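Colleague: Please take a close look at one part of this model for me. I would like the contact between the chains, with enough background to place it.

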Amino acid sequence: MSTKANKRTIATYVTGTLRGAGQVMFQGSAWTGLLIMTGIFLGCYLENPLGEHMPLVAWGALAGLVVSTAVGYIFESKADGDQGLWGFNGILVGCAVFTFLGNTPWAWVALVIGSALTIPARRGLNNVFAPFKTTSYTFPFILVSWCILLAARDMGQLPPVGESIASLPTSVAVADYHYTFGELVVYWLKGVSQVFLVNSWITGIFFIVGLALCSRWAALWAMISAAVALGMSIAFGASHADITEGLYGFSPVLTGIALGCTFYKPGVKSFFYALAGVVFTVFVQYGMDVLLAPVGIATLTAPFCIATWIFMLPMYKLQDKKTK
Amino acid sequence: MSTKANKRTIATYVTGTLRGAGQVMFQGSAWTGLLIMTGIFLGCYLENPLGEHMPLVAWGALAGLVVSTAVGYIFESKADGDQGLWGFNGILVGCAVFTFLGNTPWAWVALVIGSALTIPARRGLNNVFAPFKTTSYTFPFILVSWCILLAARDMGQLPPVGESIASLPTSVAVADYHYTFGELVVYWLKGVSQVFLVNSWITGIFFIVGLALCSRWAALWAMISAAVALGMSIAFGASHADITEGLYGFSPVLTGIALGCTFYKPGVKSFFYALAGVVFTVFVQYGMDVLLAPVGIATLTAPFCIATWIFMLPMYKLQDKKTK
Amino acid sequence: MSTKANKRTIATYVTGTLRGAGQVMFQGSAWTGLLIMTGIFLGCYLENPLGEHMPLVAWGALAGLVVSTAVGYIFESKADGDQGLWGFNGILVGCAVFTFLGNTPWAWVALVIGSALTIPARRGLNNVFAPFKTTSYTFPFILVSWCILLAARDMGQLPPVGESIASLPTSVAVADYHYTFGELVVYWLKGVSQVFLVNSWITGIFFIVGLALCSRWAALWAMISAAVALGMSIAFGASHADITEGLYGFSPVLTGIALGCTFYKPGVKSFFYALAGVVFTVFVQYGMDVLLAPVGIATLTAPFCIATWIFMLPMYKLQDKKTK
């Protein structure tokens with residue numbers, strides 16, 4: 001019934017909002033979104049039970065999600081809103097602002113304005129990628145957040161309390177760490193939780209379960225990609241501190257889900273293609289970490305965007321007869 | 001009469017050249033261009049009556065304008081030349097070279113070559129933006145000028161006397177300045193004059209009057225945008241020195257004129273959309289100031305280009321019934 | 001006979017592989033490729049007869065060429081493979097890895113993965129440039145190699161033994177060198193050899209002869225462009241050390257061959273257009289050298305790509321009646 005289809009209740013909007021959390025990992029499911037939000041809140045409070053900084057990330061995420069979804073619903077297509085496609089950039093803006101900035105009124109203003117600005121940015125950048133049958137992914141979030149994180153260096157009211165010290169890259173010696181199996185599992189799960197800038201293995205489990213609710217392939221690819229990134233990073237002698245915080249994992253996780261089971265159907269060909277994309281993402285992550293060192297900001301999910309664009313631009317048709 | 005239309009006199013070329021100065025602010029009017037040129041010369045001589053450096057900016061601007069307009073007329077379409085569309089990048093190259101470089105013969109060579117190179121760069125980059133119904137704006141100027149400003153660090157014959165010291169970004173404390181109304185007016189007007197890299201409130205008045213000659217909306221948007229940028233910068237605790245020189249204002253001024261009354265008709269919807277674009281530009285300006293700190297070059301008008309592209313790419317139709 | 005045309009022998013693949021070396025300079029000729037490979041090996045061994053580092057560049061080049069050509073043949077079009085179009089990015093990745101990194105097993109892994117990744121990157125990026133009737137040039141090589149060179153700063157197993165020290169740009173005094181004619185010839189020839197990151201005037205001669213075998217115009221443009229770059233660099237007071245190593249010449253050489261006789265037929269108009277492109281490339285080279293100083297990596301052939309894209313994007317038709 002068209003009447004029924006047009007009846008929009010508060011539940012429609014709540015569902016659309018929660019789906020925004022799921023769409024960060026390409027899952028348009030409110031249940032996945034709910035588990036992700038739960039994981040974020042739990043991780044933020046557990047990691048820092050007494051402190052003030054980390055729980056802010058969770059509240060920032062919620063604010064960014066609500067603001068961007070609302071702006072999208074008001075000014076843009078309801079269809080995209082119902083799929084959660086306006087909220088996924090905003091929730092990440094919220095995570096990023098309070099991961100790196102202190103709790104000031106003007107940081108909240110920047111968060112709200114930034115989340116809202118992802119809406120025209122997403123529509124505009126999607127037009128650029130449309131001829132190549134792909135989209136802007138999380139790049140609207142990256143563009144807006146980079147501006148805010150950089151601005152924090154110059155704006156007295158935006159204190160960059162969580163940002164790295166800007167420094168010139170040097171070179172590093174080979175570190176010889178021996179990781180226990182338990183440590184590796186923790187770092188591996190943090191690779192998944194860092195998709196939302198959360199440094200908690202418990203959150204990682206929530207995210208994987210949330211993915212599995214909607215797509216077991218997505219959960220599998222998140223696990224494979226985080227493992228590949230962890231293994232490569234240990235082999236190449238990457239920064240120990242970054243390994244322990246899961247900072248090499250989050251972009252490959254997104255690439256794996258995107259290429260392995262979202263834009264291509266799971267199959268033998270797409271398996272190896274997605275694997276190559278994950279490996280490429282790890283190299284782009286390594287490169288961008290150093291590239292941004294002199295300005296002391298994080299890569300955010302830009303390595304995922306760059307590697308996945310490169311792997312989508314060829315517009316390969318990877319049809320496997322072995323999969324239905 | 002086609003005969004008459006084809007009769008090109010020296011006046012045709014002078015008009016086309018002066019319009020180039022006007023087109024920096026989207027006004028294809030020789031009178032606007034004349035007022036802008038007057039403002040530049042006046043500002044440069046008033047700011048530095050005895051010195052040598054600043055007046056050079058005015059002569060560089062004139063040289064860049066003439067060279068680029070001439071190259072455009074010779075190799076490209078006469079129609080664009082008559083509209084001043086070949087000159088606006090060149091005049092800015094001229095302003096930039098002698099704002100940042102010392103007076104050497106090779107700096108003049110770089111200025112002339114750079115102004116000429118904006119012609120193929122503009123035609124080429126316009127092709128990239130054509131599918132999105134927009135253009136390259138001042139990006140040919142930015143591309144060429146960044147090369148020259150960066151080169152000045154390595155080339156003994158291009159002394160970077162006016163460039164910042166390259167430095168790693170740190171963080172800043174909240175400064176507590178109390179601005180008088182008179183000070184604010186001066187900084188606000190300098191935000192307009194800095195469109196042509198001139199640091200003079202008198203020049204700002206000439207620019208606003210020049211805009212008003214051609215379009216009162218453009219003059220209004222220049223004033224609104226510079227005010228918004230000034231207000232935001234004080235609120236967010238931006239660099240005091242940059243505020244006093246109008247360095248947060250010039251890119252938003254261009255975005256405001258572009259979105260508020262050039263690419264969209266003035267109206268309620270386009271008013272708020274342009275306002276959002278101006279706010280976005282301010283954030284991009286903050287971000288790029290820090291991004292370029294390690295190489296010590298200015299953003300030039302890149303924040304305007306980036307923000308306005310993002311706001312034009314969605315190709316919104318903002319028709320207001322309230323405006324004709 | 002279609003039977004004969006389809007009979008692919010080992011010679012077909014060897015030819016296709018060697019052509020990859022030639023295609024770096026736009027020559028799809030196995031003989032040119034053979035002379036280039038000979039020049040690389042000779043230059044690397046002559047420059048460093050007892051050391052270990054430099055000869056590695058030659059073996060890395062061979063490995064990168066073979067890997068990328070093989071990956072292209074296996075997954076992509078045979079036609080491009082036979083023209084050497086899959087190999088030219090891979091050979092450059094091989095040259096770059098061991099020009100800047102030490103000889104570790106993981107550097108070889110990075111080289112092999114990087115060379116293979118140029119294949120989807122080339123196909124993808126070519127789609128982006130197709131509407132403008134041009135291609136991605138050597139940008140797949142640049143993208144992949146920048147990631148590896150940057151990664152080397154953070155990865156203990158990828159020692160950046162040949163990379164510059166990351167530093168903030170300052171300014172330089174005018175140096176007053178008097179060059180003998182013999183010195184100038186050496187630096188000029190090194191400008192050609194540096195196309196493959198080889199610092200040897202003998203290699204430069206091999207490259208020019210190799211070009212002449214296939215196209216005398218290409219050999220001529222390599223010589224003209226390297227000379228223009230050398231002359232400009234001395235005039236503008238560029239870094240003496242970089243002049244002596246030919247580091248201002250390699251990108252202009254590629255631009256000259258591309259614009260002067262590859263994408264346009266040789267003629268009066270295309271001569272001056274290519275010359276303008278060469279001059280632009282020199283400025284982009286100057287700019288990018290400084291831009292990348294804070295991260296201490298080389299520009300690779302990015303100045304060639306950027307300048308040639310800008311000069312191809314206008315899609316000028318430069319037909320000269322004076323040339324057939």
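Modeller: What follows starts with chain A and ends at the contact between the chains. The model is predicted, so to speak of conventions: local features need pLDDT of at least 70, side-chain atom pairs count only at pLDDT 80 or more, and totals for chains, interfaces and linings use all residues. Residues are numbered from 1 along each chain as its sequence is written, while chains are lettered from A and ligands numbered from 1 in the order in which they are written.

Chain A has 15 helices and zero strands. Helices here are DSSP runs of H or I with at least four residues, strands are runs of E with at least two, and both are numbered from the N terminus. The radius of gyration of chain A is 19 Å, close to the 20 Å of the globule rule for 324 residues, so chain A is as compact as a globular protein of that length. That radius is taken over C-alpha atoms, and the rule is 2.2 Å times the number of residues to the power 0.38. Buried residues make up 60% of chain A; buried means 20 or more other C-beta atoms within 10 Å of the residue's own, with C-beta atoms placed from the backbone.

Chain A is divided into domain 1 (7-151) and domain 2 (181-312). These bounds come from an automatic or database domain assignment. The domain centres, over C-alpha atoms, are 19 Å apart.

Now the contact between the chains. On chain B, 29 residues are in contact with 28 residues of chain A. Two residues are in contact if their C-beta atoms, placed from the backbone, lie within 7 Å. On the chain B side, α11 (216-236), α14 (268-291) and α15 (302-312) each give two or more residues. The most come from α14(B), with nine residues. By class, this side has 23 nonpolar, five polar and one charged residues. Nonpolar covers Ala, Val, Leu, Ile, Met, Phe, Trp, Tyr, Cys and Pro; charged covers Asp, Glu, Lys and Arg; the others, Gly among them, are polar.

Next, the symmetry. A turn of 120° and a shift of 0.0 Å along the axis lay chain B on chain A with an RMSD of 0.0 Å. The two copies are thus related as by a three-fold rotation axis. The copies use different surfaces: 3% of the contact residues of chain B recur in chain A. Superposition is by least squares on C-alpha atoms of residues with pLDDT of at least 70 in both copies. Within chain B, B:P294 comes closest to the rotation axis, at 3.9 Å (C-alpha).

Conventions:
A residue is buried if 20 or more other C-beta atoms lie within 10 Å of its own, exposed if 12 or fewer, and partly exposed in between; C-beta atoms are placed from the backbone.
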